[in-house]
Amino acid sequence: MDDQTKDYKSAIEAILFVSEKPVVLDQLKEVFPELKPSQIHDLIKQLQEEYVNREAGMMVVEIAGGFQMLSNSHTAAYIREFYKTKTKEKLSRPALESLAIIAYKQPVGRAEVEVIRGVNSDGTIAHLLNKGLIRITGRKEVPGRPFLYGTTKEFLEYFGLRALEDMPKIEEFIQLGIDAPKAEALQAEPVPVTASEQGSEQMQEQTASQESSGQSRTMNAES
């Protein structure tokens, strides 16, 4: 490997180290216009192999369409001991249930989420919107035209996923705390929603949308 290639690889390594978000090839192409995307990708692959071969404390992982440098999982206990705290806020069970339903059935409306969960979910959906884990993807073509939701790039980053196809199977998701009937409902056909439910949903969706835009309102994320 020539000195210039080593410099490129070192620079890419440094960029991945300082970036708090996954770095996509287009971003690196702006920094190294003289390199082809395939050449940049090859250098990243070399970095990945080097970390794996020496069982390093860091690793380069493909996440949400980009690459990010993360600590190796085998160092997690030591890092927690160093910080004496968990570095990532855990989602509550209600939020995790709602997020799972949206992730597996997207695009999906709030009413369907509530039918599967069996409880009101406007608070949890507003909470997920504010965290950037879900977004409004459109409106359902029914009376009242309620909002439809889907996951975001931040959702992939939060769970360390390369793409939605990397999500665990429904059977595996049961282990995360979702009751079996609810998990099975993720695979079922959409649940019919009555006209009255649609009208109610439209009003509550408007409130959730306002909350996601920063308007103040007391939310109960544990609904």
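Contact here means heavy atoms within 4.5 Å. I start with that, as most entries below lean on it.

**Ground rules.** I am reading a predicted model, where local features need pLDDT of at least 70, side-chain atom pairs count only at pLDDT 80 or more, and totals for chains, interfaces and linings use all residues. Residues are numbered from 1 along each chain as its sequence is written, and side-chain values use heavy atoms, with hydrogens and water left out.

**Whole chain.** I looked up the elements and found 11 helices and five strands. Helices (H or I, at least four residues) and strands (E, at least two) are DSSP runs, numbered from the N terminus. Next I checked burial. Buried means under 20% relative accessible area, exposed over 50%, and partly exposed in between, with a 1.4 Å probe and protein chains only. Of the 223 residues, 39% count as buried. I also looked at contacts between residues at least 6 apart in sequence: 56% of them join residues at least 24 apart.

**Helix α1.** I compared its span with expectation. The expected span of a helix is 1.5 Å times one less than its number of residues. For the 16 residues of α1 (residues 3-18) that gives 22 Å, and the end C-alpha atoms are 23 Å apart, which agrees.

Which residues of α1 are buried? I noted Y8, K9, I12 and L16. Seen down the axis of α1, the buried residues fall within an arc of 95°, so they line one face of the helix. The arc is that of the directions from the helix axis to the C-beta atoms. The general rule behind such faces: an α-helix has 3.6 residues a turn, so residues three or four places apart point the same way. On the face of α1 turned away from its buried side I found the exposed residues D3, F17 and V18.

I then asked what the buried residues of α1 pack against. They meet α2 (25-31), α3 (37-53), β1 (58-63) and β2 (66-71). At the N-terminal end, D2 caps α1: a side-chain oxygen lies 3.2 Å from the backbone nitrogen of Q4. A polar contact is a pair of N or O atoms within 3.5 Å; within protein, one must be able to donate a hydrogen and the other to accept it, and residues adjacent in sequence count only if both atoms are side-chain atoms.

**α1 against α3.** The two axes come within 10 Å and cross at roughly 75°. That makes α1 roughly perpendicular to α3. From α1 the contact uses T5, Y8, K9, I12, E13 and L16; from α3 it uses I40, L43, I44, Q46, L47, E50 and Y51. For the terms: axes are lines fitted to C-alpha atoms, for helices over the stretch in contact, and angles run from 0 to 180 degrees between N-to-C directions. Angles under 35 degrees count as roughly parallel, over 145 as roughly antiparallel, 65 to 115 as roughly perpendicular and the rest as oblique.

**Helix α5.** This one is mostly covered, with 11 of its 13 residues buried. Among them are L96, I101, I102 and K105. I checked the span too: 18 Å is expected and the end C-alpha atoms are 18 Å apart, which agrees.

α5 (residues 93-105) packs on α7 (residues 122-131) at about 80°, with the axes 9 Å apart. That makes α5 roughly perpendicular to α7. P94, A95, S98 and L99 of α5 meet T124, H127 and L128 of α7.

**S121.** I found S121 in the loop between α6 (110-117) and α7. S121 is buried, at a relative accessible area of 0%. A polar atom of the S121 side chain lies 3.3 Å from the backbone oxygen of V119. Leaving aside neighbours within four places in sequence, S121 touches S98, V113 and E114.

**Backbone oddities.** Where does P107 lie? I placed P107 in the loop between α5 and β3 (108-109). The peptide bond from Q106 to P107 is cis, with omega near -5°. P107 and F147 are 40 residues apart in sequence, yet their C-alpha atoms are 9.3 Å apart. F147 sits in strand β5 (residues 147-151) and counts as buried at 9% relative accessibility.

Two residues that are not glycines have positive phi: A64, at about 50°, and R145, at about 40°. A64 lies in the loop between β1 and β2; R145 lies in the loop between β4 (134-139) and β5. Buried or partly exposed? A64 is buried, at 9%, whereas R145 is partly exposed, at 40%.
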